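Thanks for coming. I will go through one structure, starting with a sheet and ending with a whole chain.

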Amino acid sequence: MLNYAAQRLIQAFVAMFGVLTIVFIVMHLSGDPTLLLVPQDASAEMIAELRHQLGFDRPVWVQYLDYLYGLLHLDFGVSVVQRVPALDIVASRLPYTIQLAAGALVVAIGFGIPAGIVMATMRGSVIERILTAIVVTGQSVPTFLSGILLIFIFGVTLRWLPTSGSGEFSALIMPSIALGALSMSTFARMTRISIIDELGKDYVRAGRARGLSLGSVVVRHVLRNAAIPVITIAALEIGNLLAGAVIIETVFAWPGIGQLAIQSIQSRDFMIVQVIVLLISFVYVLTSVLADFVYALVDPRIRLVR
Amino acid sequence: MDVAANPLLSVDRLTIDIAGAHVVDEVSFTVAPGKVIALVGESGCGKSLTSYAMLGLLPPAARRTEGRIMLENVDLAVISERRFRKVRGKDISIIFQEPSASLDPLTTVGEQIAEAYRVHHGVSKTEAFEKARQMLVDVGIPDPGRRMYQYPFELSGGMCQRIMISIALICGPRVLIADEPTTALDVTIQAQILDLMKKLVAERGTAIVLITHDMGVVADIADDVAVMYAGRIAEIAPVHALFREPKHPYTALLLASVPKLDDAPKADLATIEGMVPNPSEFGVGCRFADRCPLATDKCRLEQPSLVDCGNGHRSACWHIDRLAEIRKVAT
């Protein structure tokens, strides 16, 4: 078990290091930020001066080490537009995105997993067909469209929910549904297929043969076995929700890091974009490590052997 | 066959359809307390379906269309699912061919045995757990206290089959169905499991329906044998009578195909020509006719029923009197 944990952590560390390096390379490929900082009529000397001040005239590998050194000290650079540490700006917007992602995750898991269970255990029923329709819709309607549709129906026509902004709980409902819809479908499909797969196994028949009802076998044995692939999906989906927030926050004028990312890209405020990219990557890596630990909790074959 | 003793379980003209074909066709047999009946046949002859029907666990595609399954005076073929749940595991239990796959990999074996007890008896977890531990002692598992907390993947196949037997027997069922219980196990473990089953039958008076294709296992443990071919019983007889003097060409050829110790070392294995027919190709005549050396036109046109040949020996063949010809060919 310790061995297993150590392996996962080392893998996560390597993955994160790879991400840092790729982000650095991409930032460099996108050009010299000095030109963005100087006034339009700046002389060549002024530009060279500033470039020297910012250290962009040093060899790439020195800049790379400097960048890593900065990251180690949580120094992610300064926003070129607002002249304050990029991390502070992102941190001030992060709670909104966490709220939104959490809301979307509640929608995705809260509806997706029960829907998957019902679809797997009540095959051929009317309720299964209704759920299938919902799931297919959630999967196939693009996020920006579903967001606008929701606003049109519940915000503009019915006037039940606010069309944008944050603060009240009611403002969270539509963006959570719009953001969570795709994840919800993924959870529903994975849960369904995983349970159907488990239902065909011998231990289900054996469970019924000892007098358990099919429902009891599902609750006591099938769900836990079926959970393993769903955990994998959950880990990926949390990262996807953060990444998906970029579009939804723009549609709903939600002041989170997604909106910030779009604004920063438009104003070419690379330091902020960099922090957001690193943050989302870090969440991906972190959730997959967590998933590995949850596997071990659920499955004794991992916990006891490796 | 020992008809005199009151049969505990009697299957009467059981017919099961899949896609319109009678994959189990008018199968009848009985088993008395403390006796073992073996259902023997090749894969796909309907022996496993028969056993699932006895538990009301037929796969969705299969449907019982006729026949009764009497457990004493209750017809299991017509009772509701709710009532059947009270029978499964309590009156009729089953052990399967793949013991490891038949256990939930994420639940300790102790919990799974205790669960089988708790389904039918409203007792506390602790009490069921103690009962389960006692059961492990009965099936000869060393160090039961520790085994209780182990997971199926930590146990060998033979050990898992003992766990399955514990689950099957913890409620003291009157009928145990053993569906190829030793097929997936090593030969030495096979013998141990068979001995265990014999012991339990003797001690508890459990009736066993043994599903197998292994004639060695049949000779070892069964009292009666029903030989099935393509969904029908070809021959049914007390075990010694069947081995000494088979009355159906299929049985005769089957017995001849079992390799013997005194065969010449490089001798060809005796085989039965041809293949078991597909259920969609079952004709009007005897289903074995295409592979039978004795077959005549009558065999191809008319289905033979089981006829009594004395001493509880029954065979479904038009040419019982010509069987000597096969024995000559076979030896």
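In what order do the eight strands of the open sheet in chain B lie? The order is β6-β7-β8-β3-β9-β10-β12-β11, with mixed pairing. Strands here are DSSP runs of E of at least two residues, and helices are runs of H or I of at least four, numbered from the N terminus. Two strands pair if DSSP finds at least two bridges between them.

Before going on: this is a predicted model, where local features need pLDDT of at least 70, side-chain atom pairs count only at pLDDT 80 or more, and totals for chains, interfaces and linings use all residues. Residues are numbered from 1 along each chain as its sequence is written, chains are lettered from A and ligands numbered from 1 in the order in which they are written, and side-chain values use heavy atoms, with hydrogens and water left out.

Back to the sheet. Its edge strands in chain B are β6 (92–95) and β11 (307–308), each pairing on one side only. Further in, β9 (residues 224–229) and β10 (residues 232–238) of chain B run antiparallel, joined over six bridges. Within that part, Met228(B) has Ile233(B) in β10(B) as its bridge partner.

Now chain A. It has 13 helices and zero strands. Its C-alpha atoms fill a box of roughly 85 × 60 × 25 Å along the principal axes. Of its 306 residues, 43% count as buried (under 20% relative accessible area, 1.4 Å probe, protein chains only).

Technical notes. Buried < 20%, exposed > 50% of the residue type's maximum accessible area, 1.4 Å probe, protein only.
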